[in-house]
Amino acid sequence: MSAPQPTPDRRWQWSNVLWTQLAWFAAVLGAAHGVPAWGTLPALAVLLWHLRRAPRPRSEAVLMLLAAGLGTLADTLVLHQGVLAFASGQWSAALPPPWMSALWAVFATSLNVTLRWLHGRPLLAAALGAVAGPLAFLSGARLGAAQLLEPGVAMALLSLQWALVLPVLALCARRLDGVAAPAPSAGTTRTP
């Protein structure tokens, strides 16, 4: 049996909450006011801050890219149902805007820090995703970054999307954990 992995300290956890929320507000308000590129810059700053802080930044970078890709794919599937529209920043009407992909990557910075308690709890991750994901999207829509064209159907699809995606991301985060200190190898012996 391996020793338990130490979790990130409280300072890192609180910093993660603060910086991810600031990035979310910047991206959403930037899109709502027609300047999505400016709103995305804080998201990129959060990603760089997290990578600089992580003991194994390569693992965290892979997780960020995976979350951005999976999230963009999931958002694309919902977008193609014609139940929502984004206010600005889309390069193609068929794809979500880049600021949404950036927010998925920012979300990934939480998976091994403030949301690491979801590791190994897929049902809890699905339940949390089914509720919190659509509520975050609804909040962004109310701030003007998106529009729910068919609110009931959009919320149901977003709920399903997040119920499926969050457990997958939590599993990936557990395997790509670049935050916890590495466990000593079984064959490694300590010298006094």
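Contact is taken here as heavy atoms within 4.5 Å. In the predicted model, this criterion places Q161 against G71, A74, D75, V78 and W104, once its neighbours within four places in sequence are left aside. Q161 belongs to helix α6 and, with a relative accessibility of 6%, counts as buried. One of its partners, W104, is likewise classed as buried, at 3% relative accessibility.

W104 also takes part in an aromatic pair with F107, in which the ring centres are 6.4 Å apart and the planes meet at 85°, an edge-to-face arrangement. Both residues of this pair are located in helix α4, where a separation of 3 residues corresponds to about one turn of the helix. Across the whole structure, 6 aromatic pairs were found. Another of edge-to-face geometry joins F86 to F137, with 6.0 Å between centres and 70° between planes. Because F86 is part of strand β1 and F137 part of helix α5, this pair ties together parts of the chain that are 51 residues apart in sequence. Burial applies to F86 and to F137. Together with W99, these two residues make up one aromatic cluster. Beyond residues up to four places away in sequence, W99 is in contact with A27, V28, A31, P36, T40, F86, S88, G89 and A145.

The members of this cluster recur in the largest nonpolar core, which comprises 45 residues; L84, F86, W99, L111 and F137 are those that touch the most other members. At least two residues of this core come from each of α1, α2, α3 (57-79), β1, α4, α5, β2 and α6. The greatest contribution is that of α4, which supplies 10 residues.

Helix α5 was examined along its length. Its 21 residues extend 30 Å from the first C-alpha to the last, close to the 30 Å expected at 1.5 Å a residue. A bend of about 30° is nevertheless present at G129. G129 is also among the buried residues of the helix, which are A125, A126, G129, G133, P134, F137, G140 and A141. The elements covering these buried positions include α1, β1 (84-86), α4, β2 (146-148) and α6. After α5 comes G144, which has a positive phi, near 100°.

Two further buried residues were considered in helices α1 and α2. Q13, in helix α1, has a relative accessible area of 15% and is therefore buried, the limit being 20%. Apart from residues up to four places away in sequence, Q13 touches T7, P8, V113 and T114. L47 is situated in helix α2 and counts as buried at 12% relative accessibility. With residues up to four places away in sequence again excluded, L47 is in contact with M64, A105, V106 and T109. The C-alpha atoms of L47 and L111 are 13 Å apart in space, while the two residues are separated by 64 residues in sequence.

Side chains of opposite charge can pair when their charged atoms come close. The structure contains 2 salt bridges. One is formed by D9 and R53, whose closest N and O atoms are 3.6 Å apart. D9 lies in the segment that precedes α1 (10-32), whereas R53 belongs to helix α2 (residues 36-53), so this salt bridge ties together parts of the chain 44 residues apart in sequence. Both partners are partly exposed: D9 has a relative accessibility of 41%, and R53 one of 32%.

The other salt bridge links the side chains of D177 and R116, at an N to O distance of 2.5 Å. Since D177 is in the segment after α6 (151-175) and R116 in the loop between α4 (98-111) and α5 (122-142), the pair ties together parts that are 61 residues apart in sequence. D177 and R116 are both buried, whereas D9 counts as partly exposed, as does R53.

Notes. Residues are numbered from 1 along each chain as its sequence is written. This is a predicted model: local features need pLDDT of at least 70, side-chain atom pairs count only at pLDDT 80 or more; totals for chains, interfaces and linings use all residues. Side-chain values use heavy atoms; hydrogens and water are left out. A salt bridge is a side-chain nitrogen of Lys or Arg within 4 Å of a carboxyl oxygen of Asp or Glu. Helices (H or I, at least four residues) and strands (E, at least two) are DSSP runs, numbered from the N terminus. Buried means under 20% relative accessible area, exposed over 50%, partly exposed in between (1.4 Å probe, protein chains only). The expected span of a helix is 1.5 Å times one less than its number of residues. The bend at a residue is the angle between axes fitted to the seven residues ending there and the seven starting there. Rings of Phe, Tyr and Trp (its six-membered ring) pair if their centres lie within 6.5 Å; planes under 30 degrees apart count as stacked, over 60 as edge-to-face and the rest as tilted. A nonpolar core is a set of buried Ala, Val, Leu, Ile, Met, Phe, Trp, Tyr and Cys residues joined through side-chain atoms within 4.5 Å.
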